[in-house]
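Colleague: I would like a close look at a single part of this model, with enough of its surroundings to place it. Please take one helix and follow its contacts outward.

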Amino acid sequence: MKTYPDLIACEHCDTVYRRRQLASGEAASCPVCAAVLYRSSRLDLDRWLALTVAAAIVFVIANINPVIHISFQGLSNDATLWQAAVALDYGLVAPIAIPAAMTVIIVPFMQISLLGWVLIHARRGRRAPGFATAMRMLVALRPWSMVEVALLGIMVAVIKLSGYMDVAPGAGIWATAVLMVLIVLIAKRDLQDLWQMTERRALHDEAAA
């Protein structure tokens with residue numbers, strides 16, 4: 001199927017436009033429905049990949065270290081993100097255990113993994129195997145990543161529990177805070193740029209074949 005990398009269609013009204021080079025910080029909007037077509041970003045491919053690798057490292061730290069440390073009358077306990085999600089699997093709140101684990105742990109993991117996969121190949125000037133599927137999944141996963149909600153919930157729990165027992169934040173909570181920022185940075189970048197970056201090489205490979 002013939003492709004047209006110099007054209008872009010509005011995803012809301014299907015109006016087709018010719019792409020033009022944008023200055024840093026600019027955004028192209030559809031005159032018909034006012035939707036944003038694409039944006040220019042200061043985050044180039046190398047920086048994007050570096051932030052994704054950093055997010056992967058911080059994700060591991062956030063999941064293996066406790067987010068809070070609780071002490072009460074000589075007894076103490078730690079809780080990681082996974083343990084917090086498992087703890088919800090009891091009583092009346094059990095139905096939210098799976099959504100909590102999905103939005104706080106599984107979805108961010110999939111975002112980081114898929115983005116790292118396509119970026120590593122894009123840096124080499126080619127499309128990753130399963131490129132189209134990975135891109136569609138990245139778009140679908142965006143609304144389901146809620147690390148900031150988890151961080152807010154942990155902070156509320158720390159404040160409420162501190163009135164009854166000794167509660168101290170663990171390394172996991174700081175890593176979660178950093179992960180929240182990194183997820184926003186790598187996920188808000190316009191994914192259409194990846195199609196554009198790899199289009200010419202894909203067309204070259206098809207012509208060579």
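Modeller: Among contacts in the protein chain between residues at least 6 apart in sequence, 62% join residues at least 24 apart. This is a predicted model, and its protein chain holds seven helices and seven strands. Along the sequence these elements follow the pattern β-β-β-β-α-β-β-α-α-α-α-β-α-α. Of the 209 residues, 35% count as buried. The chain exposes about 12,800 Å², with carbon and sulfur atoms supplying 65% of that area.

The part I take is helix α6, residues 171–187. With 17 residues at 1.5 Å a residue, α6 should span 24 Å, and its end C-alpha atoms are 24 Å apart, so the two values agree. The buried residues of α6 are Gly-172, Ile-173, Ala-175, Thr-176, Leu-179, Leu-182, Ile-183, Ile-186 and Ala-187. An α-helix has 3.6 residues a turn, so residues three or four places apart point the same way.

Two of these buried residues show what α6 packs against. Leu-179 touches Ala-55, Val-58, Phe-59, Ile-112 and Val-147, leaving out residues up to four places away in sequence. Ile-183 also lies in α6, and it counts as buried because its relative accessibility is 7%, under the 20% cut-off. Beyond its neighbours within four places in sequence, Ile-183 is in contact with Pro-108, Gln-111, Ile-112 and Ser-145. Ile-112 is thus a contact of Leu-179 and of Ile-183. The C-alpha atoms of Ile-183 and Ala-56 are separated by 9.8 Å, although their positions lie 127 residues apart along the chain.

The same helix can be placed in the nonpolar interior. The largest nonpolar core has 39 residues, and Leu-179 is among those with the most contacts inside it, together with Trp-48, Leu-115, Val-118 and Leu-194. Two or more residues of this core come from each of α1, α3 (97–123), α4 (131–141), α5 (147–161) and α6. Helix α3 gives the largest share, nine residues. Another core, of nine residues, lies apart from it and includes Ile-8, Cys-10, Tyr-17 and Ala-28. In soluble globular proteins, nonpolar side chains tend to be buried together.

Two of the other helices that supply this core, α1 and α3, are also joined by a charged pair. A search of the whole structure finds one salt bridge. Asp-46 forms a salt bridge with Arg-123, the closest N and O atoms being 2.7 Å apart. Because Asp-46 lies in α1 and Arg-123 in α3, the pair ties together parts that are 77 residues apart in sequence. Asp-46 counts as partly exposed, at 42% relative accessibility, while Arg-123 counts as exposed, at 53%.

Helix α3 also contains His-121, which counts as buried at 10% relative accessibility. Apart from residues up to four places away in sequence, His-121 touches Arg-126, Arg-127, Ala-128 and Pro-129.

Helix α1 has a surface side to note as well. Ile-57 is found in α1, which runs over residues 45–64. Val-53, Ile-57 and Ile-61 form a nonpolar patch on the surface, with about 240 Å² of accessible area together.

Technical notes
Residues numbered from 1 in each chain as written. Predicted model: local features only at pLDDT ≥ 70, side-chain atom pairs only at ≥ 80, totals over all residues. Heavy atoms only, no water. Patch = residues over 30% accessible without salt bridge, like charges linked within 9 Å, V, L, I, M, F, W, Y side chains within 5 Å. Areas by Shrake-Rupley, 256 points an atom, 1.4 Å probe, with all protein chains shown as cover. Salt bridge = Lys/Arg side-chain N within 4 Å of Asp/Glu carboxyl O. Helix = DSSP H or I, 4+ residues; strand = E, 2+ residues; numbered from the N terminus. Expected span 1.5 Å × (residues − 1). Buried < 20%, exposed > 50% of the residue type's maximum accessible area, 1.4 Å probe, protein only. Core = buried A, V, L, I, M, F, W, Y, C linked by side-chain atoms within 4.5 Å. Contact = heavy atoms within 4.5 Å.
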